[in-house]
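The exercises below are meant to be worked through with the sequence and the structure side by side. Try each task before reading the solution that follows it.

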Amino acid sequence: MLQPRLATNRWLQLSAIGAIGFLAVWTSAALSGLTSRDFLPTPWDVLQRFMHLVREPFSGATLGMHLLSSLQRFGMGFGLAALVGVPLGLLMARFRWLDRLVTPAFEAVRFVAPIAWVPFAALWFGTGIGGPVLIIFMGAFPPVLINTYRGARQVDLKYIEAAQMLGASHWRAMTQVMLPATVPSIVAGLRISAGLGWQSLVGAELIVASSGVGYLMVKGQAAISTATVMSGMLAIGVVGVIIDAALRRVQLTIETRRGL
Amino acid sequence: MAIIRFEHVDRVFHQNGQDFTALKDINLEVKDREFVAIVGPSGCGKTTCMRMAAGLEHPTGGTVSVDGVVVRAPGPDRAVVFQQFALFPWKTVWDNVEFGLLSLGIAEAERRRRIEHYIGLMGLHGYERAYPHQLSGGMQQRVAIARAYVLDPKVLLMDEPFGALDAQTRVVMQEELVRLARQHPRTVLFITHAVEEAVYLADRIVVMSRRPGTLREILDVKSARQAERWDEIERIEDVMDQPTFVHLRTHVWKLLREQQAPGDTH
Amino acid sequence: MKVASGQPWWRALLTTALALAGALAAWQLLTATWGVISPARFPPPLEAYGALRQIVLDGYSNGRLHDHVLRSVVLVTMGFVVASAAGVALGLAMGASRVVEAVANPVFLLLRPIPPLAWIPLAIVWLGLGDAAKMMVIFMAAFVPSVINSYTGVRQIERPIFEAAAMLDARGVRYWREVLVPGALPSIFTGLRLSLQASWTTLVAAELVGAIAGLGTILNQAAQDIYPGMIVVGMASVALCGWIMTQGLGWIERRAMPWRVVH
């Protein structure tokens, strides 16, 4: 039988046990002396290192500045993916000839993992910003295109028919009926896209960057400073959550306004 | 001598810091092999009554007992037919019907005998290897009914079993259920909001008031049914022309009407 | 793109063949014939073909193509199987038991936002540049989607199914084997698909960063040698292998769930 929800206290107690248990195991392993503190720092060590990196530069910049570099690349890659993906998806849904033209090329390229574009990124852009942006774009583009296309194709026929019955012109039907009806799909696509783009960013920065959080982690790894690497992971995780939460907010607002 | 007994049953819900009384002081006895239908307006708590007999919910006051034993948890002795069928989509028709028999530890020969009997009775021949999604709603509900009857349960509990079916299928199923019920008499508690369905199927009809649900009136149908020999009439439309049928139907409608507050949208 | 059309099979084949031929022609024209795209940036078809011949017959980056493919696929499969088994088990347990869910949740919330590739530096610090590090990264990549989807798989089983199972007295192993797992199976497979994709992507990335053989090393070597033809071969191999594995999983999925309506 599906279990009923736990009472809040019980939930909190059990969660606390889980969290504390985890931290306890980690800390004892770190303090056991089996490895150096650099190799396996305690959770507290990691936090301290994190705070240190916020203030003091490492490999050329503070944590904040590295994050800014990363976000800049992310913004460009994601923005480009949205700018190209949304209109293209809508147009492909509207004009079958475009669909037939683009789809085979898209399907062929889609299965190439974004990271596999690294060699070309290095070849075409060196360590310039173009490299990571290309990889982020390749990660972020497919979900936007697919979701926009599907959303536009699946616009409930009855809305279009209602628009026609009410005498709307072609242009009005597209902009005032089809486009607004597709918005939820577009936003859903953007949300997935942001997640994948952020992940691709990390991969790109491990290889073709000279700044950014991924680069920070690589340098930390080279220095065998696990605390630095983990600080990077922490920063990436937190920013990723914030981006997703923001887009989720947008998604929910749109959905509630539509009564979905 | 299985009977269902509700003694001073109350059901109070706590929601958003407020108390809702769903059921108030329900006293009801379903006698052995009696077919009792509960009708009432939406939200009156009739389904809750059935679920308490099934052990899926519990009263906040009073007791619900089956065959003298207080109901604590669901089990195959109180077989349930759900409105949404609740067949396991990943099992064939045969396996679905067999599932409860395996829980009861029935031997294979006996299992086979029972399953074949009810599959035949419910017109499911040829569909034993089919999956639920391949069947229409009516067929699925037949499987659910077979699944319940095959357990040889003490009581049968049916929660608006034909509510998810279209009007024509519904009528066909009512006729079949009558045939089945007369052939295999059992103690049945049947929940519905369709008045005609209740009058057609039941020995007694319990009319409930709107929330907080109490028993408004209990009507005897059996004597009229036997006097006018409905069971010998083939078609449901002809039964519905019988004078007592009409009278009972109208009476129940009137009772339900009284429950409607002005501005009710259902 | 994915909207089914019910064309006769020869028509679909013809369209695909024409599309491929067209793409090939465009490729040749744009690179070699007209020089719109400089061959240094993107190789003409002949150069890519030459690279393909080389790697299949003579070998490149410490092995011939099938050596690399074998190595990568074996690693991914091992990591994927172990991670998914663990992930599905945990996910089902979290779905079935509120207690397990409450205890496991905090750690899970911590791990979840970390992108799979972000584990690479840590894996290298702890396990060096060998296969062990790759397995660790694949595990972290594949584990999370399996847990999440198995969990939601249990949660989305409709309430009447649970009630029917209780009414029919399904208990213990029977309950798990005949109600919980089959009910969650569609979601579990979604999770497996995501896990497989993540595993594959992560392995290629890990091989790019440091390895001796494997598809990722082809890309790495080709980048260093500035050999665009080989880069294309590498990318195509990655895409093709990924596609084949996904199809394989899909085949298993259809076999495992004969009751499913195929959409």
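## Exercise 1: A strand and its neighbours

In chain B, strand S7 (residues 155-159) and strand S8 run parallel and are joined by 5 bridges. The model is a predicted one, and the tasks should be read with that in mind.

**Task.** Find the partners of S8(B), and decide whether the residues of S8 (residues 187-192) of chain B are buried or exposed.

**Solution.** Step one is to look at the pairing with S7(B), where Leu157(B) has Leu189(B) of S8(B) as its bridge partner. Step two is to turn to strand S3 (residues 35-39) of chain B, which also runs parallel to S8(B) and is joined to it by 5 bridges; here Val39(B) is paired with Thr192(B). Step three is to sort the side chains by direction: Thr187(B), Leu189(B) and Ile191(B) point one way from the strand, while Val188(B), Phe190(B) and Thr192(B) point the other way, and all are buried. The strand is thus described as mostly covered, with 6 of its 6 residues buried.

**Task.** Which helix belongs to the β-α-β unit that S7(B) and S8(B) make, and what is the handedness of this unit?

**Solution.** Following the chain from S7(B), one passes through helix H5 (residues 167-183) of chain B and arrives at S8(B), and these three elements make a right-handed β-α-β unit.

## Exercise 2: The whole sheet

**Task.** In what order do the 6 strands of the open sheet in chain B lie?

**Solution.** Reading across the sheet, the order is S6-S7-S8-S3-S9-S10, and the pairing is mixed. At the edges are strand S6 (78-81) and strand S10 (215-220) of chain B, each of which pairs on one side only. On average, and with direction ignored, neighbouring strands of this sheet are turned by 15 degrees against each other.

**Task.** Describe how strand S9 (residues 204-208) of chain B is paired with S10(B) and with S3(B).

**Solution.** Begin with S10(B), to which S9(B) is paired in the antiparallel sense over 5 bridges. Two residue pairs can be located here, for Val207(B) has Glu217(B) as its bridge partner, and Arg204(B) is matched with Asp220(B). Next consider S3(B), which runs parallel to S9(B) and is joined to it by 4 bridges; in this pairing Ile38(B) stands opposite Val206(B). Finally, check the burial of S9(B), which is mostly covered, since 4 of its 5 residues are buried.

## Exercise 3: Loops with special backbone angles

**Task.** Where in chain B does Pro212(B) lie, and what is the form of the peptide bond from Arg211(B) to Pro212(B)?

**Solution.** S9(B) and S10(B) form a hairpin with 6 residues between them, and Pro212(B) has its place in the loop between these two strands. The peptide bond that leads from Arg211(B) to Pro212(B) is cis, with omega near -5 degrees.

**Task.** Locate Asp67(B) and Asp169(C), and work out why each counts as partly exposed.

**Solution.** Asp67(B) is in the loop between strand S4 (61-66) and strand S5 (69-70) of chain B, and its phi is near 55 degrees, a positive value in a residue other than glycine. A residue needs 20 or more other C-beta atoms within 10 Å to be buried and 12 or fewer to be exposed; Asp67(B) has 16 C-beta neighbours inside 10 Å and therefore counts as partly exposed. Asp169(C) is in the loop between helix H7 (159-167) and helix H8 (172-209) of chain C, and although it is not a glycine, its phi is positive at about 60 degrees. With 19 C-beta neighbours inside 10 Å, Asp169(C) therefore counts as partly exposed.

## Exercise 4: Helices

**Task.** How do helix H6 (residues 130-153) and helix H8 (residues 170-207) of chain A cross?

**Solution.** The two axes come within 7 Å and cross at roughly 155 degrees. Angles over 145 degrees count as roughly antiparallel, and so H6(A) and H8(A) are roughly antiparallel to each other. Their crossing is right-handed, and the residues of the contact divide into 17 nonpolar, 13 polar and 2 charged.

**Task.** How many helices and strands does chain C have?

**Solution.** Chain C has 10 helices and 0 strands. Of its 263 residues, 44% count as buried, and its C-alpha atoms fill a box of roughly 75 × 55 × 30 Å along the principal axes.

Technical notes. Residues are numbered from 1 along each chain as its sequence is written. Chains are lettered from A and ligands numbered from 1 in the order in which they are written. This is a predicted model: local features need pLDDT of at least 70, side-chain atom pairs count only at pLDDT 80 or more; totals for chains, interfaces and linings use all residues. Axes are lines fitted to C-alpha atoms, for helices over the stretch in contact, and angles run from 0 to 180 degrees between N-to-C directions. Angles under 35 degrees count as roughly parallel, over 145 as roughly antiparallel, 65 to 115 as roughly perpendicular and the rest as oblique. A crossing is left-handed if the near helix is turned anticlockwise from the far one by less than a right angle, and right-handed if clockwise. Ala, Val, Leu, Ile, Met, Phe, Trp, Tyr, Cys and Pro count as nonpolar, Asp, Glu, Lys and Arg as charged, and the others, Gly among them, as polar. Two strands pair if DSSP finds at least two bridges between them. A crossover is right-handed if, with the strands pointing away from the viewer, the path from the first strand over the helix to the second runs clockwise.
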